[in-house]
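Student: I have a chain open on my screen. Can we go through what each label rests on?
Tutor: Yes. Let us take the labels one by one.

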Amino acid sequence: MQRILSRTRLRAGSESAYDALHATVPAALAERLRAAGVHDWTIWRDGQDLVHLIEVDDYRAMRRSLADDPVNADWQETVNPLLETDDDYSGSDDGIPRVWSLADQVDGVAP
């Protein structure tokens, strides 16, 4: 399993709308995320900055499977107007590069 960290940024003034939208995401979207290998997706917000921790079997495969998914497309049409930059799932990003881990150094735990 992979743990991927990514960031997005909200348009100014859309913080409350984003929080309300994510109070409960549509059940169909949650099902598609699980089917795409997502174990958990946690989002933190600091002002306009969003940090996502995604625990997934294969991040790139998940993004490929959701790129043309109609349920995800509907969600993106709803959430993208709140973001400074749209995510169309077309990229091959790997999230934010990991630099260091206490567990790796002290306990010898593999990433």
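Student: How many helices and strands does the chain have?
Tutor: This is a predicted model. The chain has five helices and three strands. Along the sequence they follow the pattern β-α-α-β-β-α-α-α.

Student: What share of the chain counts as buried?
Tutor: Of its 111 residues, 30% do.

Student: Why is Arg-63 called buried or exposed?
Tutor: Set the value against the cut-off. Buried means under 20% relative accessible area. Arg-63 has 7% relative accessibility, so Arg-63 counts as buried. This residue is in helix H3.

Student: What does Arg-63 touch, leaving aside neighbours within four places in sequence?
Tutor: Arg-63 is in contact with Asp-87, Tyr-89, Ser-90, Gly-91 and Asp-93.

Student: Which residues of H3 are buried?
Tutor: Tyr-59, Met-62, Arg-63 and Leu-66.

Student: How do you know that they line one face of the helix?
Tutor: Look down the axis of H3. The buried residues fall within an arc of 95 degrees, so they line one face. An α-helix has 3.6 residues a turn, so residues three or four places apart point the same way.

Student: What do the buried residues of H3 pack against?
Tutor: They pack against S1, H2, S2, S3 and H4.

Student: What makes a polar contact at the start of H3?
Tutor: A side-chain oxygen of Asp-58 comes within 3.3 Å of the backbone nitrogen of Arg-60. The cut-off for a pair of N or O atoms is 3.5 Å. The pair therefore meets the distance limit for a polar contact.

Student: Why is Ser-6 called buried or exposed?
Tutor: Ser-6 lies in strand S1. The limit for buried is under 20%. At 12% relative accessibility, Ser-6 therefore counts as buried. Leaving aside neighbours within four places in sequence, Ser-6 is in contact with Leu-50, Val-51, His-52, Ile-54 and Ile-96.

Student: How much space lies in the largest pocket?
Tutor: About 820 Å³. It is lined by 35 residues, and the closest to its centre are His-22, Trp-41, Ile-43, His-52 and Tyr-89.

Student: Which element gives the most to that lining?
Tutor: S2, with five residues. S1, H2, S2, S3, H3 and H4 each supply at least two.

Student: What makes up the lining by class?
Tutor: The lining of the largest pocket has 15 nonpolar, 11 polar and nine charged residues.

Key
Residues are numbered from 1 along each chain as its sequence is written. This is a predicted model: local features need pLDDT of at least 70, side-chain atom pairs count only at pLDDT 80 or more; totals for chains, interfaces and linings use all residues. Side-chain values use heavy atoms; hydrogens and water are left out. On a 1 Å grid over the protein atoms alone, a cavity is a set of points where a 1.4 Å probe fits but cannot get out, and a pocket is an open set with protein on both sides within 12 Å along at least five of seven lines; lining residues have an atom within 4 Å of a point. Grid points are joined across faces, edges and corners, and a volume is the space filled by probe spheres set on the points. Helices (H or I, at least four residues) and strands (E, at least two) are DSSP runs, numbered from the N terminus. Ala, Val, Leu, Ile, Met, Phe, Trp, Tyr, Cys and Pro count as nonpolar, Asp, Glu, Lys and Arg as charged, and the others, Gly among them, as polar. Buried means under 20% relative accessible area, exposed over 50%, partly exposed in between (1.4 Å probe, protein chains only). The arc is that of the directions from the helix axis to the C-beta atoms. Contact means heavy atoms within 4.5 Å. A polar contact is a pair of N or O atoms within 3.5 Å; within protein, one must be able to donate a hydrogen and the other to accept it, and residues adjacent in sequence count only if both atoms are side-chain atoms.
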